[in-house]
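Me: I would like a close look at one part of this model. Please start with a strand pairing, then work outward to whatever surrounds it.

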Amino acid sequence: MPAYSEKVMDHFKNPRNVGEMPDADGIGHIGNPVCGDIMELYIKVKDNILTDVKFKTFGCGAAIATSSMITELVKGKSLDEALKISNRAVVQALDGLPPAKLHCSVLAEDALKSAIDDYLKKTTGKGLPGFKPHEEHPPK
Amino acid sequence: MSEKRIYLDHAATTPEHPEVVSAMAPYFSEIFGNPSSIHSFGQEARAAVESAREKIAALINAKKEEIVFTSGGTEADNFAIKGVAFANSKKGDHIITTPIEHHAVTEPCQFMKTLGYRVTYLPVDQYGTVSPEDVKKAITDKTILVSVMHANNEIGTIQPIEEIGKITKEAGVYFHSDAVQTAGAIPVDVEKMSVDLLSISAHKLYGPKGIGCLYIRKGTKIVPFMHGGGQEKNRRGSTENVPGIVGFGKAAELAIKELDERQQHLIPLRDRLIKGLQEKIDNALLNGHPTKRLPNNVSMCFEFIEGESMLLNLDMEGIAASTGSACSSATLEPSHVLLSIGRPHAIAHGSIRFSLGRMTTDRDIDTVLDVFPKIVDKLRKMSPLYKK
């Protein structure tokens, strides 16, 4: 088991924004059971602002902590601002991740983009330009 | 974290028995001689090594001169496979083993493949049991070694070693068994098992780390593992780890004395934990054979959640266990053992192994039965796979 930072453990023990959102405006679904990580991210959007974000995750400590952290980082932000938050920013906000767990942060970034993509498709008919989730997790 | 921590990872390692610690104590600075020296300092150490060797031989019904000390189980397994393969390359190039062996067996087998040897992996059933019939069918005139573990370290299943031994004996093929999880836990008898080679590690039976042995039946053709000063009758060079050997000897002596008691203590605790977890948690699957299993092994898969997150939560409650989920490994592949018994990836990722020990109490089991269902519930509420 890798050594996690205090921040990771904090988010793992007390994950923020866990749960489903029946009236979500966009849903992101990333990962697969084979690799052992699945994230679902739900967003509520009003006037281009992410007014609420929730998640459900099947995965290890890092997968749960990165999901929790990304919801915190993007809640209240505009879609443009949220899209600028990279997996690296998530790792930084968690005071780092063990190298073998970095892929979890990519999963979190993809889950958010996938939710925004879903929202844009529903509202504008076109998805997030250039968005293509990594087919493999960890990305090759 | 609760005040008293509960250690349920005895399959990983055990705490040294207090009598082992005191037996070893004089052998660091009082009786410190090199057993190869002819002066009295050396001879005192030699006597201690040989007395330990006798005790270890007695634990597995072997002869004293058939015990070769190694640095542990991994070395013993490497020694058996490479040593027999190299020494018998004129006879053949074929090794038979199983897909659920410890890495200390599978990796040397993979290595031998790179040198041109052929390796057959026998199938296992849903419990991880090897069929002796399959062993019989796999043997050819080029087969030099069969290696099947006595009991599996992850799922606890005990193999039909005696039946396999009859087959290899009849076929004239060497038979190795990794008994790292069974020595000191259940009876191990090299005669009844008809094994030619058998690996043991001291730290799994309340002895010290860094010491183990390979039993080598008299007459077995094997090349030395380390070439050096001729120790261990030229089979393993290196000055003997005297304190370790003394501790190993003491651990073996205690194991002989306490074997029945240990089994009688552990089996009811094991069965109560399995039953309790299955009663309190839905979609909880037992891995391994329900009865032909190690007395201390509780390996289960809890669907819809992942092993590491269960472990971290258990650790926060002061409970130490282990998982076959390899979310942190480079390949992200879960345990090869769980995949081999047919668990799909998603379920294999949700495995937990509790391995009990001689100090495990009824209260410890109560605590796990109280704490663990809450952990599963918490993680399932968080899981997108769990729909009530």
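Reply: Start with one bridge. In this predicted model, A:G26 has A:I43 as its bridge partner in β2(A). That pair belongs to a ladder between strand β1 (residues 26-32) of chain A and strand β2 (residues 37-46) of chain A. The two strands run antiparallel and share seven bridges. Together, β1(A) and β2(A) make a hairpin. Four residues separate the strands. One detail of the turn is worth checking in a viewer: A:G36 has a positive phi of about 90°.

Next, the helices of chain A. Helix α1 (residues 6-13) of chain A packs against helix α2 (residues 61-74) of chain A. Their axes are 8 Å apart and the angle is about 85°. Angles of 65 to 115 degrees count as roughly perpendicular, so α1(A) is roughly perpendicular to α2(A). From α1(A), the contact takes A:V8, A:H11 and A:F12. From α2(A), the contact takes A:G61, A:A62, A:I64, A:A65, A:S68 and A:M69. By class, the residues of this contact are six nonpolar and three polar. No charged residue takes part.

Now cross to the partner chain. On the chain A side, 23 residues are in contact with 22 residues of chain B. Two helices of chain B, α11 (307-316) and α13 (345-348), each supply at least two residues to that side of chain B. The top contributor is α11(B), with five residues. The side of chain B that touches chain A holds 13 nonpolar, seven polar and two charged residues.

How is chain B itself divided? Domain 1 covers 6-13 + 259-382, and domain 2 covers 18-255. Domain 1 of chain B is therefore written in two segments, with domain 2 of chain B numbered between them. The C-alpha centres of these two domains of chain B lie 28 Å apart. Each domain of chain B gives 23 residues to the contact between them. On the domain 1 side, three elements of chain B give two or more residues: α10 (242-280), β10 (297-302) and α12 (336-340). That side of domain 1 of chain B counts six nonpolar, 13 polar and four charged residues.

Two of those elements, α10(B) and β10(B), also meet at a sheet. The sheet is open and has three strands, in the order β9-β10-β12 (chain B), with antiparallel pairing. At its edges stand β9 (284-286) and β12 (351-355) of chain B, each with a single partner strand, so one side of each has no neighbour in the sheet. Neighbouring strands of this sheet are turned by 30° against each other on average, direction ignored. The pairing of β9(B) with β10(B) is antiparallel and spans three bridges. Within that pairing, B:A284 has B:F302 as its bridge partner in β10(B). Helix α10(B) lies across β9, β10 and β12 of chain B. Its direction is at about 15° to β10(B).

Last, the confidence scores. Chain B has an average pLDDT of 96, and 97% of its residues score at least 70. For the model, ipTM is 0.92 and pTM is 0.94. Where pLDDT is low, predicted coordinates should not be read in detail.

How values were computed. Residues numbered from 1 in each chain as written. Chains lettered and ligands numbered in written order. Predicted model: local features only at pLDDT ≥ 70, side-chain atom pairs only at ≥ 80, totals over all residues. Axes fitted to C-alpha atoms, helices over the stretch in contact; angles between N-to-C directions. Parallel < 35°, antiparallel > 145°, perpendicular 65-115°, else oblique. Contact = placed C-beta atoms within 7 Å. Nonpolar A, V, L, I, M, F, W, Y, C, P; charged D, E, K, R; others polar. pLDDT = per-residue confidence, 0-100. Pairing = 2+ DSSP bridges.
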